[in-house]
Amino acid sequence: MRIAQVHTRIVSVPLPRPVITPIHNITAVDNVLVELETDEGVTGIAYLWCFGLHKARALEALVHDLARLVKGMDPFARERINAHLWRETNFMGRAGAAMFAISAIDTALWDIAGKALGVPVWRLLGGEDRPVPAYAGGLFLSDPIDVIVKEAEDYKAAGFGAIKMRCGGKDWRDDIARVEAVRAAVGPDLTLMVDVVQGWTVERAIKLGRALEPYDLYYIEDPIAFDDIEGMAQIAAALDTPIAAGENDYGRIGFRRLIEHKAIDIPMIDLQRVGGISEWMKVAALAGAWQLRVVPHVFYEMSLHVMAATPSAPFLEYVSWWEVLFKGLPTLEGGAFRPTAAPGLGLSFDNDAIEPLVVR
């Protein structure tokens with residue numbers, strides 16, 4: 001079996017309502033759908049996402065460029081392929097859009113391997129057939145307190161044992177009021193996380209982190225700019241609440257910096273920025289050497305496979321934005337997902353649903 005060609009589509013998925021964060025005003029998510037085809041007819045899939053069609057087109061171009069470099073290679077030789085792509089992207093740097101493209105190819109290769117062997121990816125990774133707890137992500141700054149309280153109550157009623165809300169408003173007192181209201185609504189036993197989306201300064205993060213300690217947060221995510229490692233280390237040292245970050249960093253080199261500087265307590269690994277499934281597992285192993293838990297960032301339908309193989313990963317992030325793209329999605333039951341026995345990633349693109357969303 002050899003890698004033959006790659007096919008891509010750009011698809012823009014409108015959100016049910018606009019989402020506002022400290023650094024984004026989002027009305028749609030733009031995606032590059034990737035299908036990596038072999039000469040024996042086995043095709044692996046992956047997808048990348050961003051905000052903005054021009055960015056999506058740049059990612060698409062890089063996917064085609066890197067796929068050209070691995071054409072004719074054995075799709076099971078993932079380590080050799082990744083090493084080859086790392087060398088080839090040295091000029092651009094092993095970060096940013098180049099790493100996105102590597103991620104898409106690597107993830108599709110795992111899908112090919114599972115399909116060719118007739119086993120799910122989680123099984124190839126040494127994973128366990130078990131329910132994986134999920135937390136519901138939402139409660140955005142674009143909604144007032146009464147709306148996010150109702151959203152939190154609905155998630156709890158649906159069986160979620162954990163919820164992530166957003167902070168980082170202009171007035172620090174609003175952040176406290178929002179956390180206080182949500183905690184009061186869901187009670188003391190539900191796990192609550194806060195994502196600041198890089199919206200605080202170091203000083204505000206320490207001040208607010210201490211003020212929020214009575215609300216028993218599981219972690220505070222991305223309190224400041226992701227590349228201010230020294231600032232993150234100051235915050236992590238000053239607070240009892242764990243700091244989660246890393247979704248905006250790249251590969252094991254980026255996570256090694258964060259961990260060695262003690263800038264994070266919980267590495268958050270993003271499938272498309274880290275370098276795909278292969279690199280995700282390497283970062284999880286790196287974190288394990290430091291006795292750290294890890295959590296994935298979005299991609300729940302694919303992250304479920306690495307979660308099943310990572311005992312130190314307590315929660316899967318559930319965001320439903322991309323569900324329209326797929327058939328074969330895992331089922332949510334009682335606030336948890338169970339990996340399916342379907343070969344590969346167990347997914348296929350829902351072409352009928354996708355067609356009206358394709359950007360011409």
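**Pockets, cavities and helix packing**

In this predicted model, a whole set of elements chips in to line the largest pocket: β1 (3-20), β3, α1 (53-70), α3, α5 (145-157), β5 (162-166), α10 and β11 (316-318) each bring at least two residues to the lining. Of these, β1 gives the largest share, with six residues. The space in the largest pocket comes to about 910 Å³. Its lining counts 44 residues, and the ones closest to the centre of the pocket are Ile26, Trp49, Phe51, Phe140 and Trp321. Sorted by class, the lining of the largest pocket holds 23 nonpolar residues, along with ten polar and eleven charged ones.

Next come the cavities. Searching the whole structure turns up three of them at 30 Å³ or more. The largest cavity holds about 60 Å³ of space. Around the largest cavity sit Trp122, Glu301, Leu304, His305, Gly328, Pro330, Pro339, Thr340, Leu345, Gly346 and Leu347. Helix α12, which covers residues 300-308, gives the most to this lining, namely three residues. As for the make-up of the lining of the largest cavity, six residues are nonpolar, four are polar and one is charged.

The second largest cavity has about 40 Å³ of volume. Its lining is made up of Ala46, Tyr47, Leu48, Ser103, Ala104, Thr107, Leu271, Gln272, Phe299 and Met302. Three elements, β3 (43-50), α3 (97-117) and α10 (271-274), supply at least two residues each to the lining of the second largest cavity. These elements turn up around the largest pocket as well, where β3, α3 and α10 each supply at least two residues of the lining. No charged residues appear in the lining of the second largest cavity, which has seven nonpolar and three polar ones.

Two helix pairs round out the picture. In one, helix α1 meets helix α2 (residues 78-88) at an angle of about 125°, and the two axes are 10 Å apart. That angle makes α1 oblique to α2. The crossing, as α1 passes α2, is right-handed. On the α1 side, the contact is built from Leu66, Leu69 and Val70, and on the α2 side from Ile81, His84, Leu85 and Glu88. The contact of α1 with α2 includes five nonpolar residues, plus one polar and one charged. Besides packing against α2, helix α1 has at least two residues in the lining of the largest pocket.

The other pair is helix α7 (residues 202-211) and helix α8 (residues 229-238), packed at an angle of about 20° with their axes 10 Å apart. Angles under 35 degrees count as roughly parallel, so α7 and α8 are roughly parallel to each other. Here too the handedness can be read off: α7 passes α8 in a right-handed crossing. Helix α7 makes the contact with Val202, Ala205, Ile206 and Arg210, while α8 brings Gly231, Gln234, Ile235 and Ala238. Between them, the residues in the contact of α7 with α8 are five nonpolar, two polar and one charged.

Key: Residues are numbered from 1 along each chain as its sequence is written. This is a predicted model: local features need pLDDT of at least 70, side-chain atom pairs count only at pLDDT 80 or more; totals for chains, interfaces and linings use all residues. Side-chain values use heavy atoms; hydrogens and water are left out. On a 1 Å grid over the protein atoms alone, a cavity is a set of points where a 1.4 Å probe fits but cannot get out, and a pocket is an open set with protein on both sides within 12 Å along at least five of seven lines; lining residues have an atom within 4 Å of a point. Grid points are joined across faces, edges and corners, and a volume is the space filled by probe spheres set on the points. Helices (H or I, at least four residues) and strands (E, at least two) are DSSP runs, numbered from the N terminus. Ala, Val, Leu, Ile, Met, Phe, Trp, Tyr, Cys and Pro count as nonpolar, Asp, Glu, Lys and Arg as charged, and the others, Gly among them, as polar. Axes are lines fitted to C-alpha atoms, for helices over the stretch in contact, and angles run from 0 to 180 degrees between N-to-C directions. Angles under 35 degrees count as roughly parallel, over 145 as roughly antiparallel, 65 to 115 as roughly perpendicular and the rest as oblique. A crossing is left-handed if the near helix is turned anticlockwise from the far one by less than a right angle, and right-handed if clockwise. Contact means heavy atoms within 4.5 Å.
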